[in-house]
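Hi,

Here is the structure I said I would pass on. Have a look, and my notes follow underneath.

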Amino acid sequence: MRLPAIAAATLCATLLSLPAVGRAEPAKAAFFGVLFINTSQSETSAEEEARLAALEARLIEKLEASGRYLMVDTAPVAAKINLYANPADCNGCDSDLARELGADVAITGEVQKTSDLILGLSIYIRDAGTGALVAGGSADMRGNTDLIWQRTLDWVLRNRVLKP
């Protein structure tokens with residue numbers, strides 16, 4: 001009789017010592033922006049620049065609201081990150097700078113405009129220690145409106161970046 005009681009008590013103690021699901025501390029994240037890459041025949045419009053700024057703000061808001069990420073101030077390394085044409089493709093500079101800031105992950109992204117109606121969005125989240133991609137996702141956009149950009153970002157976050 002005593003053996004089952006001891007086993008049950010040991011199991012309860014073990015379960016109680018485990019961290020509660022959903023209570024993990026959010027990862028400290030260094031966000032280095034989303035680069036707009038225009039390979040189309042047309043110039044980048046003021047509307048596209050405004051969409052990019054809105055997309056970055058929405059990305060930060062949604063990542064923090066998820067409880068998984070807490071943004072750190074990147075101002076101390078701004079001069080260094082500005083040396084690179086594309087922080088999403090700089091041989092690990094994003095991870096190095098995130099680590100320098102004490103962050104756990106580096107977040108970057110790209111919007112590539114192929115034509116006036118064909119664009120693509122990519123989000124990358126890399127481990128600051130190893131540079132390994134730990135989350136991310138991409139999606140194509142058909143259309144170039146505020147609503148299309150918002151919906152595409154929301155889809156990438158829901159179905160790729162923040163997928164359980």
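**The disulfide and the rest**

Cys-90 and Cys-93 are both buried (under 20% relative accessible area, with over 50% being exposed and anything in between partly exposed; 1.4 Å probe, protein chains only). A disulfide (a pair of cysteine sulfur atoms within 2.5 Å) links Cys-90 to Cys-93, with 1.8 Å from S to S. The Cys-90 and Cys-93 link is left-handed, at -90° about the S-S bond.

Before the rest, some housekeeping. This is a predicted model, where local features need pLDDT of at least 70 and side-chain atom pairs count only at pLDDT 80 or more, while totals for chains, interfaces and linings use all residues. Numbering runs from 1 along each chain as its sequence is written, and side-chain values use heavy atoms, leaving out hydrogens and water.

Now the largest nonpolar core (buried Ala, Val, Leu, Ile, Met, Phe, Trp, Tyr and Cys residues joined through side-chain atoms within 4.5 Å): it has 27 residues, and Leu-63, Tyr-69 and Val-111 touch the most other members. A second, separate core has 12 residues, including Ala-30, Val-77, Ile-81 and Leu-97.

And what about Thr-39, buried or exposed? Neither: Thr-39 is partly exposed because its relative accessibility is 45%. Not counting neighbours within four places in sequence, Thr-39 is in contact (heavy atoms within 4.5 Å) with Gln-112, Lys-113 and Thr-114. The C-alpha atoms of Thr-39 and Lys-113 are 5.9 Å apart, although 74 residues separate them along the chain.

Cheers
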